[in-house]
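Visitor: I would like a close look at one helix pair in this model. Please start with the residues that touch, then work outward to the rest of the structure.

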Amino acid sequence: MAQKKKKVSFAKDMQKNYPVYLMFLPVLAFYIIFHYYPMAGIVMAFKNYKASLGIWGSPWTTMHGFKHFYKFFTGAYFLRTVTNTTLLSFLQLIFGFPAPILLALMLTELRSNKFKRLMQTITYLPHFISTVVICGMLIEFCLTDGLFNQVGALFGAEAVPFLSRPQYFRTIYVASGIWQQIGWNSIIYLAAIASIDLQLYEAAELDGAGRFRKIWHITLPGIKQTIVVLFIMQVGRIMSVGHEKVLLLQTDGNLATSEVISSYVYKQGFGQNNDFSYSTAVNLFNSVINFSLVILANYISRKFSETSLF
Amino acid sequence: MAKTVKSRIKRSAADHIVDTILVIFMILLGIVMLYPMWYELVVSISDATKLIKHRGIQLWPLGFDTIAYRLVFKYPQLLEGYKNTLIILVLGLVVNIVLTSLGAYCLTRTSCKFHRFMTLFVLVTMYFSGGLIPLYLTVRGVGLYNTIWAVIIPTALSTYNMIILRSAFSSIPESLVESVFIDGGGHWTVLFKIFIPLSLPAMAVQILYYGVGHWNSWFNAFIYIPDVHKQPVQLVLRKLLISGSNIDMGAETANIPNYEMMAKSMKAAMVIVTTVPILAIYPLLQRYFVGGMMIGSLKE
């Protein structure tokens, strides 16, 4: 951010810029109430929250406030939720990350611009369908007489209730995620490809390079920085899997692989246990890890590329 | 430009083959992308009695029947949900756009003494949050619980969207701002007479992003609005598509022929009537997506 190094007195700044601060006032209020105040509310992770006493009046837990953390770390769900979360995002990374890059490369290779635009419109479409509808369709397609089994039947496979079996959950989650986001995520790569100097391609053609050599020696190096930055940022999010889609696709049958940290946080808070403090403690554990990973990722990406993220 | 270069050089036979494979692959990909919505459309207009007997992959409508749509538009829960979603959408968008424009404008005023503070204050929230329960208690604490405002005010501003808008605002030459000041105008004039009118594509994208968010969101309403009469349409869908509840048509049920068989096509018709409005809008704004994405995804 280019700061103008002009020394302005506080009073003069106020006189000149008070409308700006007036504009910022509602924004400030919003952030304080719905972001900073809840951050302060995290202290309840170290307390035994009682609704009648409120966050501030509730008593601290034993073990110097770390009882809930101890309970989580020593409980059966720690390993399970951490493993499921990490594995799910790891699979998303391996399969979901390259997919939009490949799509962008293929779209660029299309000769007809009209066809390219049409394919873009079509591949963006799933991004705009709501999670509820996507999961509703997935549930229907996974039934024993649903689409997936009908396709399987063409190849002689036996019908399987996919969503009730733990071994299929990750595939369903990751594959549907790719289906939904591949087009949308390719936008940024398409933009990066569009900014590559066309003279490079012309020169390569004069040297007799074919399309694959051009992709390998010009296009890919041209978008390398974008790829690296996005990859690192996604690695930084490896411990954060959202709860919405998981909760919608969860069944009693697939809990062994589908229970991730965020869905566990939701259930501990709003499920039968209804333990707000414990839920907050688990969430805090997750936030701290995520925060550290993002900071680390940002540090690494700054080393790799000149673009600093924040 | 790439095209003129390519056409000058003759395409080899191998190139032809690669092109053909590429086009075939793209068509297959297109089918995979479109099939689920096509399936819902096909089911929704199929004859329910034929539908129930059908086995195998469904590619075309079985018969033609619009009864599912006629029933869906009489289904009270759906209509109520739809109405609530529209109210939330309109009120939400007004709040979103006002707050986001104000915030984005403030973030472009680098000459302000508190500019650094404002930027930092906003960015911190992208990396750390209180989490589910503390936010839930806050929403309850400020009295939004079980009102439609519970899904409007806590999501009134998305930092990510605000940063996208800020970069659109930043691309407007500062000399324009100064000329307003010279003419005696103030910051409000700059925002409303210069920035917003000159960033209409960016504003349209903002409306789309926030609008899609409101239209498709379900979780906040799920935890903040227990009253079924205030819930948005996505929660109605959730009950039917995810929890597998029956469609309760009340007194109407007796008048519906083959009511038992109608469930599948009615659910499909509901998916269509709740999803198509958005699918009809985004292609119009498609060419404006890129600008926001470049900064957006890096700043996420």
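Guide: This is a predicted model. Start with the contact itself. On one side are Leu176(B), Val177(B) and Val180(B), which belong to α9(B). On the other side are Thr189(B), Val190(B) and Ile194(B), which belong to α10(B). Sort the residues of this contact by class: five are nonpolar, one is polar, and none is charged.

Now the geometry. Two packed helices are described by the angle between their axes and the distance between the axes. Helix α9 of chain B covers residues 174-182, and helix α10 of chain B covers residues 187-198. Their axes lie 10 Å apart, at an angle of about 125°. That angle makes α9(B) oblique to α10(B), because angles over 145 degrees would count as roughly antiparallel and 65 to 115 as roughly perpendicular. As for handedness, α9(B) passes α10(B) in a right-handed crossing.

Step back to the chain that holds this pair. Chain B has 15 helices and zero strands. The domain assignment splits chain B into domain 1 (2-73 + 247-287) and domain 2 (76-230). The centres of domain 1 of chain B and domain 2 of chain B, taken over C-alpha atoms, are separated by 33 Å. Seven residues of domain 1 of chain B are in contact with seven residues of domain 2 of chain B. On the domain 1 side, helix α14 (residues 259-285) of chain B supplies the largest share, five residues. By class, that side of domain 1 of chain B has six nonpolar residues, one polar and no charged.

Next, the overall dimensions of chain B. Its radius of gyration is 25 Å, whereas a compact globule of 300 residues would have one near 19 Å. Along the principal axes, the C-alpha trace of chain B spans about 75 × 70 × 35 Å.

Chain A can be set beside it. Chain A has 15 helices and zero strands. The radius of gyration of chain A is 25 Å, against a value near 19 Å for a compact globule of 310 residues. The C-alpha atoms of chain A fill a box of roughly 75 × 75 × 35 Å along the principal axes.

Now the interface between the chains. Here 79 residues of chain A are in contact with 75 residues of chain B. On the chain A side, helix α1 (residues 10-40) of chain A gives the most, with 18 residues. That side of chain A divides into 55 nonpolar, 16 polar and eight charged residues.

One helix pair at this interface deserves its own look. The axes of α1(A) and helix α5 (residues 76-108) of chain B come within 9 Å and cross at roughly 120°. That makes α1(A) oblique to α5(B). The crossing of α1(A) past α5(B) is left-handed. From α1(A), the contact takes Val20(A), Met23(A), Phe24(A), Pro26(A), Val27(A) and Phe30(A). From α5(B), it takes Leu99(B), Leu102(B), Gly103(B), Tyr105(B) and Cys106(B). In this contact of α1(A) with α5(B), ten residues are nonpolar, one is polar and none is charged.

Put the two pairs side by side. The α9(B) and α10(B) pair crosses right-handed, while α1(A) passes α5(B) left-handed. The contact of α9(B) with α10(B) has no charged residues, and the contact of α1(A) with α5(B) has no charged residues either.

Technical notes: Residues numbered from 1 in each chain as written. Chains lettered and ligands numbered in written order. Predicted model: local features only at pLDDT ≥ 70, side-chain atom pairs only at ≥ 80, totals over all residues. Axes fitted to C-alpha atoms, helices over the stretch in contact; angles between N-to-C directions. Helix = DSSP H or I, 4+ residues; strand = E, 2+ residues; numbered from the N terminus. Parallel < 35°, antiparallel > 145°, perpendicular 65-115°, else oblique. Left-handed = near helix turned anticlockwise from the far one by under 90°. Contact = placed C-beta atoms within 7 Å. Nonpolar A, V, L, I, M, F, W, Y, C, P; charged D, E, K, R; others polar. Domains from an automatic or database assignment. Rg over C-alpha atoms; globule rule 2.2 N^0.38 Å.
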